[in-house]
Structure formats: C-alpha cells, structure tokens
Amino acid sequence: MIHKHDLLIVGAGLAGLRAGVETSKYHDVAILSKLFPTRSHSGAAQGGIAAALGNEEHDTVEWHIFDSVKGSDYLGDQDAITMMCSEAPDAIYELEHMGVPFSRTKDGKIAQRQFGGHTKEVKDEQGNIKRLPVIRACYAADRTGHVLLHTLYEQCVKNNVRFYSEYFVLSLIIRDGVCRGLTAFNLRDGQIHTFHAKAVMFGTGGYGRAFRVTSNAYANSGDGVAIAFRAGIPLEDMEFVQFHPTGLYPLGILVTEGARGEGGYLKNRNGDRFMKEYAPTVMELAPRDMVTRSIQTEINEGRGIDGKDFVNLDLTHIGAAKLKERLPEITGFAKTYAGIDPVKQPIPILPTAHYSMGGIPVTLKGEVLADEKGNTVTGFYAAGECACVSVHGANRLGTNSLLDAVIHGRRTGKTLVEFLRTAELSPMPEDAEDNDKKIFADLYDTKKGENCDKIRVRLKEEMMNKCGVFRNEKDLNSMLDTIHELKSMYKNVAMMDKSKVFNTEMQEIFELRNLLEFSDAIVTGALARQECRGAHWRTDHPTRDDVNWLKHSIAFKTEKGIELKYKPVIITKYQPQERKY
Amino acid sequence: MKVTLNIRRFNPEKDEKPYRKDYEIDVPETFRILDCLDKVKWDIDGELAYRRSCSHGICGSDAMMINGKNMLACQVLVKDFKKKYITIDPIPSLPVIKDLIVNMDSFFKKYEVVKPYLISKEQPPVKERLQSQADRELIDEAVNCILCGACSASCPSLWSNENYLGPAAMLKAYRFIFDSRDDAADERLDIVDTTDGLWRCHTIFNCVEVCPKEINLTWHISQMKKKCAMREL
Ligand SMILES: Cc1cc2nc3c(=O)[nH]c(=O)nc-3n(C[C@H](O)[C@H](O)[C@H](O)COP(=O)(O)OP(=O)(O)OC[C@H]3O[C@@H](n4cnc5c(N)ncnc54)[C@H](O)[C@@H]3O)c2cc1C
Ligand code: SF4
Ligand code: FES
C-alpha cells in the first residue's frame, strides 16, 4: 500500500512532536511511530530542561554556553551550543504557552532547580572567579519529560496531525542523493507499507538497549540511526555513550541526579563515602562521567556491597518529609523494584547506559549530512537523540537533551516549512519494497535457526563488559569479533511466530538487526579513538589528547566494513582547558 | 522460584475463540510480571503478544488484568503475589486484537472528544504566563495520567454503556477545566455535562483502586459535577 504526504516524521518523542507542531500549520504532515505517541521514552525524563531564565537567581545565556562547552569536554561545536542556549528561554516560554504544567515559584513563574555541571560565575574575596552551582533546570516535579511529551502530543491533536501509530519503519528510500520516502510495517496488519513524501525527518531517539544495564526503554534500539547507516548515511561520534552513575540495581532504572543534589551519599562495602578518594572537593556532585568511573572502580576492585556489582546510594539522613516532597517518584521506584524504603535503607545502584551523544550528523538547520565535508542529503532531516549536531560533544550535561530535542525539533520544523514550499515529489522507485519483502519472506520461510534473544543477550552482556565505562584495545578488538560472529548468527535467525497480526517477535528481530548495526559503529569508533574524553575512557590511553583527537569521528558503512573519517570541532570562543570542577 | 502464568491467549489468524494456557517458569522473585512474560516469549512461545516500552510504569503500555485486577505488568514483582499461580488477561471491555493486546482506538477517541489541549483566548505574554502555586496544585494529580486505560477498563458503568466517556477522558477534561490558564471550561463542561458524561459515574471507585499513578479519579469527577451544578444556579 502506498501513502502520500508532504512530510513524514518518524518518531513521536519531543523532537518529532515539536517538529510536527511547527510544520502541521502549513503542510500535510504524518507522524509515524512504533509506539503510541505518549509512550515515547521522552516521557521518562525526570529532572528538568535547561534554560537561563533566571527565575530563581541571576543567570545568563553565556554561562549556560560555557557550561555546555566544558561539559562536552570541548568536543561540542560551539556555534551549535551558542545557538541552542540562546534560543532556550524563548523555546521554554513557548512550551508554557502551549500548556506545559511546569511547577511554579512563589511568584508564579516557571520553577527551576540545580543540576550537575550548570554553574554561575562568582568572585570570591580575593577577586578570583569561582564557579558555583546555578538554578537553571525548569521542571515539573520529577516528571518533566512526561508533561512535555503530553503537551506536545495535545498540540498535534489540536492541529489534526495524521498519526500512524504502531508502524515500524524499516528502510529509507534514497536514490541519487534525494530522499523519497520510506517503508514501514504496520504491526496491526503485518503488511509492508510504502510512504512517499517530499521530505522525511527522523526523531527516533537513543540506543541504550545495546547494553545489559540501561535506563532506556525497550523501544530505544537505535532504529533510526541504523536505518540511516544502512541507507549510506554516515554516523558521527558514535563512541560517546553516557553511563549515568545511579541506575537502580540490577535493572538500571534511573535514579535521578537530583537524589545526590538533595544530599545523598555514595558508600562502598566498608561504609566509606568513597568519592572523597576521587573528587575530594565536590564529592558526590562531581560530573556524571567522573562519578560513574569512581563507582565502577569501587566495584571492579571488590568494594561493591558484599563484593557484588553495586554500591549504595544513602538517602536515609535526608528524612522522610523531604524525600516525599522532592523525590516521590524515585522513592516509589525503590520500593516497587528493590523492595526497600529509602527513608530507612540505602538504595543499591550501579552505572547504567543512559544517553547517546552520537548519531546522524546534521547541520544547525536539521539537514542530514552526507559526508564529513558538509554536503547534505536532499529531503532528509533529523533531530533529537538520534541526531548529532553536536551540542553534547563527548558528554552531555543533565537537562540539556530535552532542550536539544525541543530546540532542534523546532528548528528543523522551521527549515522544513520553507523547504516544502517549493519542494517537488521525486518519483518513487519501482523496487522500493523489494528488499524488505525478501527479508519478510525469508523470516516466514525459515523453520529452524538461531534464537533472537540469545544473540541479543550476548551482545548486551559483552557491550557492557567490553565497551562500557572503561575500555581498552584488547577488549574492543574482542568485542568487534563478537559482533561479527553475532552478525553471522543473525543471518540464520528463526522466527517462531508465523502470523501477521502484531508479530512482536518480528519487531524484536528487526530491532536486533539495528542493535548489531550501530554497535559495530560504536566499537569501531571507540577502538580508533586513543584518548580519554568525556564518556569515552580508554585505560590504555589515560589522557585527553587535543593534538590528535580534538575532532569528530564520522563512520561510513562500506563494502569492506566500517571506514572512519574525521572533521574538525567548531571552536568560536572557548579554547580547550583541563576539565576540573 | 517456580511460577505458573495462566495466560488468556488468542491469535485471530488461528483461533476461533480465546483459550487459557499455563506456562511454568523458573525466575528470581524480583522479576516483574513483565519480565515473566518476556521469559515465556523468549524461551517458550515467540508468538505471545503484549505491549511494553519503558518497563517502569511511566509510558502506560502494559496495562493488563493480573489476578483479576488491572495493573501495569512492569509495576508488580513476582514476590508481590502470595500464590505463585498468576492469571493474566487483557484489560476488559476493549476488543482483543491478539493475546494481551487490545484495540484502544475508542479509548483515545474519547480522549480527543474532551478537547485535550489548552485553549487560551488571550495573546500570551512575551515570557511565561503566571500561575500561582495554589492554582498549579489543583491540576497536580490530573497531569500525572499516563493514559494506560486501566481505570476506564475497570469501570462497570462503561461495561454497561460503551458510549460513556469513562474516567480517563473525564480526568483529562478536569485537567484543562481547572487549569487557571485555560479559557474553555464552559465548552468542555458542555461536553461532559451529559448522560454519557459525568452523570454516568456512580462513584464505584474501581478506577481509583486500579490507577497505577494513584490518581483519585472519582474526586476529580465530583469536582466537575459540583462545577456543573454551580453553573446551573
Ligand atoms: C530515564 C531517563 C531520564 C532522562 N531525564 C532527562 C532529563 O531530566 N533531562 C534531559 O534533558 N534529558 C533527560 N533524558 C534524556 C531525554 O529524555 C532524551 O534524550 C529525549 O527525550 C529524546 O527525545 P527524542 O524525541 O529524541 O526521542 P524519544 O522520546 O525516545 O522518541 C523516539 C520516537 O521514535 C519512535 N521510533 C523509534 N524507532 C522507530 C521505528 N523503527 N519506527 C517507527 N518509530 C520509531 C518511537 O516510537 C518514539 O516515538 C533522560 C533519559 C532517560 C532514559
Ligand atoms: S487515570 Fe490512572 S488508570 Fe486511568 S489512564 Fe490515567 S494513569 Fe491510567
Ligand atoms: S512498560 Fe511502560 S508502563 Fe509498563
């Protein structure tokens, strides 16, 4: 079946919906999502969204820019960061106007709170400039992502956006450098559908599901990133995967940074606040990547609780009243999933795969780049966690990614409004569905073969151990071998379910294909990058190396395997310095 | 720990009518029911169909009836059940598509009926509109709804009259009617102040009992009833 629209947006998280709101006023827009829109993982974001509103204390856009550059370990592009931080206040007011129920200050403004890495400049008595935490994260209790997601969906309903929910996108159709549409399978009828359009935008989210322990939803299997890669689009900075320090043991469900912000302690098996060994001044409030490495070191050296792979996050001294008021959601998680009451007992935590800094390379306007030289693909756009602008560089600051999704969803939307005014529909090739049809036929034909789950479990387990918080050449090489082995096993994967309607097993098989595809790019990038920067830590190359590695990696899928090229980081104002807090 | 899941199965391509089947699995007691379903799907029968995503009670995908009560499969653990024979059914009153997957179209249509978006007749200021903490408090519970459908699917009034808007749509109406920034309270009250609206709620409290976000739906509905009564004075 063929569907025609001016614009196809894939993904109904913050990025996709924000672009939908922008474009649906002027053009015929359809949003495809493998989940019902409000089920998207943006809804899981707890802490907040950054903007220098200065509602609680004096703050400036310039400080936000500086913090983001420094937080990125100087790999973020400074033109992009400047643009994002400058547009942030206006974008937040706009969200409020759409109806987002932010928490409020005493005088009725949008409420804000502190978050790691966000600072203000203050002069001490000697006139030296110091950086202290600033109140910059706009929030709605610990449910910020949920209210943003719902409000943007409501606006799309108001604008009569056409939704194709529970459609799983399979392939992009790009011919002669022009994107013409895509193919998707409808979970309800199990059929392949072709979508023909003047432009396609991806807002398909992150890919934490490649790791055993993750805060990410089942849906975060990096489909968009892998689909683009297969269609010949390069991927940028894939080696940078953020591990959040505090995932609830053993599943990795997120325990917000706010828990340490409210005064929580990290303790090892001896009851020591071990952060004093790693970051004696800021202790538990050191930046994410540093805290994560400290926890992992404690675990690796046998100081996890009972020698196991977790340490404790102790909130017992904070008191029942404050926990109830400030951290209700995570108090509930601890009770439900760990069976412990944080008022009385410490919470067992471990680092959890959380955020993907890399992704599909785009311009500041959301146009997808075809190479490292700046050429673009006509008619293909991306925004949100699946894209790399790059505003997060090697390590993203908390609350900057919801902002990224909203700002770039909006910017890409504006670009598309203009593009669609003059764009024509390029012809759809006859053979658009052929490849997917063949894959379908094979899956329905195969009687016996490899088990999808076994392949996936091994991938996740080994990615965690060999390409996780600490990396080295030997492990990464061995991981590459594993991926190649798993890829060949995948070729013989067998599907038990032979029905059409809601064949969720088939969906999992396609997701596994995507996990294998982009994991290869992560590991290849990590192996090549012989330095430590932000979230990428090589124990065999233990320092940052600006001379050789202050550059973005761009991975291309070729016949011979993955080929890496590089492009310079855009530095406008802030020269790289040592990253100390 | 040995657990038996007794699951209501139905594949429209093979089965004339639904049937029940036992699955015995060995799992840690800290497994969520969702993990147990995964275990069945991955080890025993890949055909088993259910929705899921976030796995921690925030996306609203996996409402189902577990031991006769609607809940999120990702929000209950094996050890929360005394008896290790656990029945699992799709949430009632919506058409079953396959196994635990129901067709939620009517649920979302009712959501759309109440105009689920902020309607403001004034030009917004350059910065944010102001809202007092007390006004924000009025909608604090209502904005937490994750549209899982557990409440509406547990409502006897809805079982007996499928046109009833149901508690979830009602709660959405409340969320905007009581938002100090919204100017369309009357429009929405006209929609809910009908026989298929507010007045079909007979305060049975099933919805309140099952809501995974612990939202007191009946209270919210009663506030709108009051508002309607005031309007008529
Ligand atoms: C637990 C948690 C807490 C977080 N807290 C914060 C926070 O406090 N502040 C902050 O700034 N950031 C936070 N983040 C990060 C932030 O939430 C995400 O980066 C952001 O929401 C991503 O938005 P998105 O629109 O790019 O993607 P998503 O919201 O993930 O949406 C992806 C969409 O793509 C669709 N999709 C994917 N693949 C396909 C396919 N093959 N076919 C069809 N559709 C597809 C999905 O259905 C979905 O609709 C948090 C992340 C997590 C995991
Ligand atoms: S009110 Fe509660 S039970 Fe009803 S849809 Fe919302 S979250 Fe689910
Ligand atoms: S999987 Fe998201 S609520 Fe259960």
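Analyst: The expected span of a helix is 1.5 Å times one less than its number of residues; helices (H or I, at least four residues) and strands (E, at least two) are DSSP runs, numbered from the N terminus. This is a predicted model, in which local features need pLDDT of at least 70 and side-chain atom pairs count only at pLDDT 80 or more. Residues are numbered from 1 along each chain as its sequence is written.

User: What span should helix α8 of chain A have, and what do its end C-alpha atoms show?

Analyst: Helix α8 of chain A (residues 288-300) has 13 residues, so at 1.5 Å a residue the expected span is 18 Å; its end C-alpha atoms lie 18 Å apart, which agrees.

User: Why is Trp549(A) counted as buried?

Analyst: Buried means under 20% relative accessible area, exposed over 50%, and partly exposed in between (1.4 Å probe, protein chains only). Trp549(A) has 11% relative accessibility, so Trp549(A) is buried. Tyr566(A), at 26%, is therefore partly exposed.

User: What makes the pair of Phe211(A) and Phe243(A) edge-to-face?

Analyst: Rings of Phe, Tyr and Trp (its six-membered ring) pair if their centres lie within 6.5 Å; planes under 30 degrees apart count as stacked, over 60 as edge-to-face and the rest as tilted. The centres of Phe211(A) and Phe243(A) are 5.3 Å apart and the planes stand at 85°, so this pair is edge-to-face. Both Phe211(A) and Phe243(A) are buried.

User: Why is Lys500(A) said to lie over the face of Tyr444(A)?

Analyst: A charge sits over a ring if NZ of Lys or CZ of Arg is within 6 Å of the ring centre and within 35 degrees of the ring normal. Lys500(A) lies over the face of Tyr444(A), at 4.3 Å from the ring centre.

Technical notes
Chains lettered and ligands numbered in written order. Heavy atoms only, no water.
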